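Biologist: I'd like to learn how to read a model like this one. Could you walk me through it, feature by feature?

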Amino acid sequence: MSVALITGGATGIGRGFANKLADQGYNLILTSRNLENLALAQKEIQNKYHVKVLIYVADITNESARKSLYEYVENYPVSIVVNNAGIGYSQNFYEGDITKEQEIIDLNITAMQAIFKYYTKKFYDLKEGRIINVSSVAGFVPGPGAATYYASKAYVTSLTRAVALETKHIKGLKIQAVCPGPTKSNFYLTSGTSKKYYKANPDKVAQKTLESKRTIVLPGFKNKMLHVLLKLFPTALTSRINYRIQKNMRKKA
Ligand SMILES: NC(=O)c1ccc[n+]([C@@H]2O[C@H](COP(=O)([O-])OP(=O)(O)OC[C@H]3O[C@@H](n4cnc5c(N)ncnc54)[C@H](OP(=O)(O)O)[C@@H]3O)[C@@H](O)[C@H]2O)c1
C-alpha cells in the first residue's frame with residue numbers, strides 16, 4: 001500500500017490530512033519537531049484506522065534535517081506528499097520581531113520550496129505522485145498586521161500554480177495548493193491571535209482537498225465566496241478591511 005508523507009502531520013490541518021488519508025488506507029509518515037504530539041497522533045490513528053503510522057522528528061527548516069528526512073522516506077513507497085508545516089505571526093511590520101518573520105520565511109517559503117522541489121523532481125521522473133502544498137486564503141490579499149505571513153502564502157500559491165502548469169503534461173502527477181480559511185488548530189498559538197476565530201474543521205479541509213482535482217483548492221463555500229469577493233473589490237479596499245480584521249484577531253477572547 002502507498003505511503004503519504006505529511007509535514008506538521010500531528011496537529012491541526014496536517015492531522016486532518018493524516019486522518020483522511022489513513023481512512024483511505026494509506027500508511028503514513030508524519031513529521032514535526034514534537035515527539036509527544038507525533039506519538040499521540042500515531043497511537044490514535046493506528047487504533048482507529050488500522051494502518052501503519054511512522055513518525056519522524058525533524059526541524060524541516062534545517063537543511064541537513066531535510067536531507068535525513070528524504071533518506072528515511074526513501075525506504076518507503078511514498079506517493080502523496082502534504083507539504084503542510086507552517087506558522088503565522090500577527091504583528092505590524094514596523095514593530096514586529098524580525099526573528100519571527102524570518103522563521104516564517106524559513107518554514108513557509110524555504111522549507112516548503114525545498115520539499116516541493118525534491119518531490120516534484122522525484123514524481124516527475126516516476127511520472128506519478130501527488131503533492132499538496134498547504135497555502136491559505138491569506139495568499140490572495142496583502143495582510144497588513146501579518147504582512148510576512150500573508151506574503152509567504154501568496155508565494156506558496158503562486159509557485160504551486162506555476163509548477164502545476166509546467167508539469168501538466170505528466171498525467172499521473174498532480175500538484176495542488178489548498179487555501180483554507182481560519183481552521184481549528186494550534187495556529188492561533190504561533191500566530192498570536194485569538195482561538196475563537198478559527199472555526200473550520202481540519203478533517204473537512206483535508207477531505208475537500210483530497211476530493212478536488214483543481215490546482216488551487218478552496219475548501220468550503222465561504223472560502224470560495226471570499227475568493228470571488230477579493231477579485232471583485234479593489235485591493236486597496238480589501239487590504240484595509242483585512243487590516244481591521246487582523247487587529248481584531250489579535251485581541252484575546
Ligand atoms: N489554521 C488556520 O486557520 C490555517 C488557515 C490557512 C492555512 N493554514 C496553514 O495550515 C498549515 C498547518 O497549520 P495549522 O493551522 O494546522 O497549525 P498547527 O496545528 O500549528 O500545525 C503546524 C504544524 O507545523 C509543525 N511545524 C512548525 N514548525 C516546524 C518546523 N520548523 N519543522 C517541522 N515542523 C514544524 C508543527 O509541529 P511542531 O511545532 O511540533 O514542529 C505543527 O504540527 C500551515 O501551513 C498554515 O499556514 C492554517
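Biologist: In which sense do strand β1 and strand β2 pair, and over how many bridges?

Modeller: First, two notes on the source. This is a predicted model, in which local features need pLDDT of at least 70 and side-chain atom pairs count only at pLDDT 80 or more, while totals for chains, interfaces and linings use all residues. Residues are numbered from 1 along each chain as its sequence is written. Now the general idea: strands of a sheet pair through backbone hydrogen bonds, either parallel or antiparallel. Strands (E, at least two residues) and helices (H or I, at least four) are DSSP runs, numbered from the N terminus, and two strands pair if DSSP finds at least two bridges between them. Here β1 (residues 3-7) and β2 (residues 27-32) are parallel, with five bridges. Ala4 faces Leu28 of β2 across that pairing.

Biologist: What is the order of the strands in the open sheet?

Modeller: The seven strands run β3-β2-β1-β4-β5-β6-β7, with parallel pairing. At the edges are β3 (53-57) and β7 (216-217), each of which pairs on one side only. Helix α2 (residues 35-49) packs on this sheet and touches β2 and β3, and its direction makes about 175° with that of β3. Contact here requires C-beta atoms, placed from the backbone, within 7 Å. The angle, on a scale from 0 to 180 degrees, is taken between N-to-C directions of axes fitted to C-alpha atoms, for helices over the stretch in contact.

Biologist: How many bridges join β5 to β6?

Modeller: Six, and the two strands run parallel. Ile131 stands opposite Ile175 in β6.

Biologist: Why is β6 described as largely enclosed?

Modeller: Burial is a neighbour count: a residue is buried with 20 or more other C-beta atoms within 10 Å of its own, exposed with 12 or fewer, and partly exposed in between. Strand β6 (residues 173-178) has five of its six residues buried, so the rest of the structure largely encloses it.

Biologist: Which residues touch the most other members of the largest nonpolar core?

Modeller: A nonpolar core joins buried Ala, Val, Leu, Ile, Met, Phe, Trp, Tyr and Cys residues through C-beta atoms within 7 Å. This one has 61 residues, and Ala4, Ala18, Leu28 and Leu30 touch the most other members. Helix α4 (residues 98-126) gives the largest share, eight residues. Beyond its neighbours within four places in sequence, Leu30 has contacts including Ile6, Ala18, Leu38, Val53 and Ile55.

Biologist: Is Glu103, which lies in helix α4, buried, exposed or partly exposed?

Modeller: Glu103 is partly exposed, because its C-beta neighbours inside 10 Å number 16.

Biologist: And which residues come nearest the ligand?

Modeller: A residue counts as near when its C-beta atom, placed from the backbone, lies within 6 Å. Of the 30 around the ligand, Gly8, Gly12, Arg33, Asn34 and Gly86 come nearest. Helix α1 gives the most to this shell, three residues. The shell divides into eleven nonpolar, 17 polar and two charged residues; Ala, Val, Leu, Ile, Met, Phe, Trp, Tyr, Cys and Pro count as nonpolar, Asp, Glu, Lys and Arg as charged, and the others, including Gly, as polar.

Biologist: What is the phi of His50, and where does that residue sit?

Modeller: Phi of His50 is near 55°, a positive value in a residue other than glycine. His50 belongs to the loop between α2 and β3, and it is exposed, because 9 other C-beta atoms lie within 10 Å.

Key: Two residues are in contact if their C-beta atoms, placed from the backbone, lie within 7 Å.
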